[in-house]
Amino acid sequence: MFTSIAPRYDLLNHVLSFNVDRMWWRRTARMFRHILMRPDARVLDLCCGTGDMTFALRRQAGKSGLRILGADFSHAMLQRAAAKSAAQDGTVPDWIGADALKLPFPDAHFDLVTSAFGFRNLADYDAGLREIVRVLRPGGECGILDFGEPKGVLGSFYRIYFKQVLPRVGTLISGVRGPYAYLPASVERFPAPEEMLVRMKRAGFAEVSSTPYTFGIAGLYRGKKK
Ligand SMILES: C[S@@+](CC[C@H](N)C(=O)[O-])C[C@H]1O[C@@H](n2cnc3c(N)ncnc32)[C@H](O)[C@@H]1O
């Protein structure tokens, strides 16, 4: 599904989110400044797609020479990420084809694992969380940025946009029927913040928190491996 929309993925992201997506990635990267400043830190951006979250982490890291890996199981998405790397100055991330549910990394390897708008798509959320815990070092941190469902009056308007307008515009611009109708369904299936925090604790995270972004349209889940 993601491979089929890869050619228009970036354009659609920016159009459908009115460019707010850039702010969400930047804000998420800022939250992990204390790790990104360390030149010896190892960072993994899971479900990296065309790499915008990964590049935001890279920019936040500045001149610190730390290694940032972007991983995704869609080759077409990774090809776009690699093409975008070529236009960047300085150190660029490394890209790797990998399934988030079966990562090709040893236990306790990373200081930070992030995932932006990818975790929601996993077939098994608990298995995904356990896999993140496995590859994190004790004390390592996780940041999962994903869509939420805003409440109240704004929520009602947003639902009309998200369920009626967005799938139509997405289908029109991508030329592919399916993925953009799937998007609202996948957000409905995603656990509510309280449940997500319970699942994170159960998987082995401490100090879990959720921070709503833009009235809860998106949100960042954070946790520290015990
Ligand atoms: C909505 S895109 C998000 C891409 C990027 N992180 C962003 O913020 O724009 C979701 C990505 O998750 C990837 N993905 C979904 N399930 C995956 C899995 N099990 N393993 C690895 N990647 C996965 C898809 O290939 C896709 O590139």
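**Buried elements, salt bridges and surface patches**

Helix H5 (residues 52–61) is largely enclosed by the rest of the structure, because eight of its 10 residues are buried (buried means under 20% relative accessible area, exposed over 50%, and partly exposed in between, with a 1.4 Å probe and protein chains only). The model is a predicted one, in which local features need pLDDT of at least 70 and side-chain atom pairs count only at pLDDT 80 or more, while totals for chains, interfaces and linings use all residues. Residues are numbered from 1 along each chain as its sequence is written, and side-chain values use heavy atoms, with hydrogens and water left out. Helices (H or I, at least four residues) and strands (E, at least two) are DSSP runs, numbered from the N terminus.

The buried set of H5 consists of Asp-52, Met-53, Thr-54, Phe-55, Ala-56, Leu-57, Arg-58 and Ala-61. After H5 comes Gly-62, with a positive phi near 60°. Strand S5 can be read in a similar way: nine of its 12 residues are buried, so S5 too is largely enclosed by the rest of the structure. S5 pairs with strand S4 (residues 110–116) in the parallel sense, over six bridges; pairing requires that DSSP find at least two bridges between two strands. Within this pairing, Phe-110 has Leu-136 of S5 as its bridge partner.

Turning to charged contacts, the whole structure holds 15 salt bridges, each defined as a side-chain nitrogen of Lys or Arg within 4 Å of a carboxyl oxygen of Asp or Glu. Asp-10 and Lys-84 form one of them, at 2.8 Å from N to O. Since Asp-10 lies in helix H2 (residues 9–16) and Lys-84 in helix H6 (residues 75–85), the pair ties together parts that are 74 residues apart in sequence. Lys-84 is partly exposed, at 23% relative accessibility.

A salt bridge also joins the side chains of Arg-67 and Asp-94 (3.1 Å, N to O). This pair links distant parts of the chain, with Arg-67 in strand S2 (residues 67–72) and Asp-94 in strand S3 (residues 94–97), 27 residues apart. Asp-94 is partly exposed, with a relative accessible area of 33%.

S5 returns in the salt bridge between Glu-141 and Arg-222, at 3.3 Å from N to O. Glu-141 sits in S5 (residues 136–147) and Arg-222 in strand S7 (residues 218–225), so parts 81 residues apart in sequence are tied together by the pair. Glu-141 is buried, at 8% relative accessibility. Elsewhere, Arg-38, Asp-40, Asp-111 and Arg-137 are joined into one network by salt bridges that share partners.

The loop between S5 and helix H8 contains Glu-149, which is partly exposed at 37% relative accessibility. Glu-149 and Ile-217 are 68 residues apart in sequence, yet their C-alpha atoms are 5.7 Å apart in space.

On the surface, patches are made of residues with over 30% relative accessible area and no salt bridge, like charges being joined within 9 Å and nonpolar side chains (Val, Leu, Ile, Met, Phe, Trp, Tyr) within 5 Å. Arg-22, Arg-26, Arg-30, Arg-33 and Arg-59 gather in a positive patch. Helix H3 (residues 20–31) provides the largest share of this patch, three residues. Arg-22 belongs to H3 and is partly exposed, with a relative accessible area of 40%. A nonpolar surface patch comprises Val-153, Phe-157 and Ile-160, with about 350 Å² of accessible area together; accessible areas come from the Shrake-Rupley method with a 1.4 Å probe, and for residues only the protein chains shown count as cover. Ile-160 is placed in H8 (residues 152–174).

Methods: Lys and Arg count as positive and Asp and Glu as negative; His and the chain ends are not counted. The place of a charge is taken as NZ of Lys, CZ of Arg, CG of Asp or CD of Glu.
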